[in-house]
Amino acid sequence: MQLQAIIRYLNDADIAVEVQGDSEIEICQVSSLANACEGNISFLSDKKRINELETTRASVVIVQRTYAEKCKHTCLIVDNPYYVYAKVAQLLNPQPQYAPNIHASASVDSTATIGDDVSIQANVVIEGEVIIGDSTVIMAGAYIGKGVRIGKGCRIAPNVVIMDECQIGCDTTIEAGAIIGGDGFGWANHNGEWIKIPQIGRVIIGDRVSIGNNTTIDRGAIEDTVIGDNCIIDNLVQIGHNVQIGKGSAIAGQAGLAGSTIIGQYCTIAGQAGFAGHISITDGTHIMAKAGVTHSLNEPGAYAGFPAVPAADWQKNSVRSRQLDKMAQKIKSLEKELQLLKDEQKN
């Protein structure tokens, strides 16, 4: 499409855009600066890539005003290039549209309520008393348990499992292989024998949530497991029973949250971070990769290490730990010198 059409689309989304160059250029796809060719639109959000801005073959580049003068091509001047790039990428690469239909191989209980314009694909199983909102897509092989509620405009990818009584908000995406509402890890030990504790809570997921491939969110043991609105959860994340995640939080791959962890609003959790159970994390906290959070964090900020401490402290300790061998050798040398001094005093 012409760049003019892209600009109109951005303006309709209340994004201020200033054009520097030719607004009638034809754009066919987004691309990185380094690999762009004619007809591509790219972006600069990292000043470390400023050299690529000068050599890119992209027809259009999305930049902040600071870097507009360095751009030899047409550019769109915006406040947040990465965000605008994401909007443009959505425009040029829309989600596939599925015709409203219930596939002949799908098993839909007669007591289920199916909204308008819903697509239910091959080999889907929908149990009794399920309610599915308008314009939702249930893709091949998904299982929807008894009494589940799914809002409008959701996309449930292939082989997703949503167990009994769970609730999914509107415009939420659950990617392939995710399991929502499986039993939490609840056991009691008696004389060396593990006794299963029935998990009678649900999973409640808000609106506009994204849940990645093969992620598991366990149902509550007694109360519900709750995921707030606008959360994004990566692939292969484990969320235990009774966990609560505040709105707008983001969790990267292979993170694990033990039961009854409470994550505040607008927190970010990097890959492979782990959380002990029954702790709370305040709003606006960032947990760095591989951190082990063993206690509640009541002050916002960045945390790292095991056990997790403020990131600045962890960085200092990390630098010092690399000097441990030199420090040990120095201490040995000082001990020898001290012993010599003591021996001289005795003599």
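**Exercise 1. Describe the surroundings of R155, starting from the polar contact of its side chain.**

Solution. The side chains of R155 and E175 are joined by a polar contact of 2.8 Å. A polar contact is a pair of N or O atoms within 3.5 Å; within protein, one must be able to donate a hydrogen and the other to accept it, and residues adjacent in sequence count only if both atoms are side-chain atoms. The model is a predicted one, in which local features need pLDDT of at least 70 and side-chain atom pairs count only at pLDDT 80 or more, while totals for chains, interfaces and linings use all residues. Residues are numbered from 1 along each chain as its sequence is written, and side-chain values use heavy atoms, with hydrogens and water left out.

Next, place the residue: R155 belongs to strand 15 (residues 155-156). Strands (E, at least two residues) and helices (H or I, at least four) are DSSP runs, numbered from the N terminus.

Then take its accessibility. R155 counts as buried because its relative accessibility is 19%; buried means under 20% relative accessible area, exposed over 50%, and partly exposed in between (1.4 Å probe, protein chains only).

Last, list the contacts (heavy atoms within 4.5 Å). Apart from neighbours within four places in sequence, R155 is in contact with Q95, V137, M139, T172, T173, I174 and E175.

**Exercise 2. Place strand 15 in its sheet, and name the edge strands.**

Solution. The order 6-9-12-15-18-23-26-29-32-35-37-38 describes an open sheet of 12 strands with mixed pairing. In that order, strand 15 stands between strand 12 and strand 18. Strand 6 (101-102) and strand 38 (309-310) are the edge strands, each pairing on one side only. Two strands pair if DSSP finds at least two bridges between them.

One pair can be followed in detail: strand 23 (residues 210-211) and strand 26 (residues 232-233) are parallel, with 2 bridges. I211 has I233 in strand 26 as its bridge partner.

**Exercise 3. Is N123 buried or exposed, and which residues does N123 touch?**

Solution. N123 sits in the loop between strand 9 (119-120) and strand 10 (125-126). Its relative accessibility is 51%, so N123 counts as exposed. Not counting residues up to four places away in sequence, N123 touches S105, A106, G141 and A142. For a distance across the model, take R208: this residue is 85 residues from N123 along the chain, and their C-alpha atoms are separated by 26 Å.

**Exercise 4. Work out how strand 5 is paired on its two sides.**

Solution. Start with the sheet, which is open, has 5 strands in the order 1-5-4-3-2 and shows mixed pairing. Its edge strands are strand 1 and strand 2 (29-30), each pairing on one side only.

- Towards strand 1 (residues 18-20), strand 5 runs antiparallel, joined by 3 bridges. Q20 has C75 as its bridge partner, and E18 stands opposite I77.
- Towards strand 4 (residues 60-63), the pairing is parallel, over 4 bridges. Here V61 has C75 as its bridge partner.

Finally, follow the side chains of strand 5 (residues 74-77): T74 and L76 point one way, C75 and I77 the other way, and all are buried.

**Exercise 5. Which residues touch the most other members of the largest nonpolar core?**

Solution. A nonpolar core is a set of buried Ala, Val, Leu, Ile, Met, Phe, Trp, Tyr and Cys residues joined through side-chain atoms within 4.5 Å. The largest has 53 residues, and I150, I162, I180 and F275 touch the most other members. Strand 12 (137-138) and strand 22 (203-205) each supply at least two residues of this core. A second, separate core has 19 residues, among them L10, I15, V17 and V88.

**Exercise 6. Describe the protein chain as a whole.**

Solution. Count the secondary structure: 6 helices and 38 strands. The radius of gyration is 27 Å, well over the 20 Å of the globule rule for 347 residues, so the protein chain is more spread out than a compact globule. This radius is taken over C-alpha atoms, and the rule is 2.2 Å times the number of residues to the power 0.38. The C-alpha trace spans about 100 × 75 × 30 Å along its principal axes. Of the 347 residues, 40% are buried.
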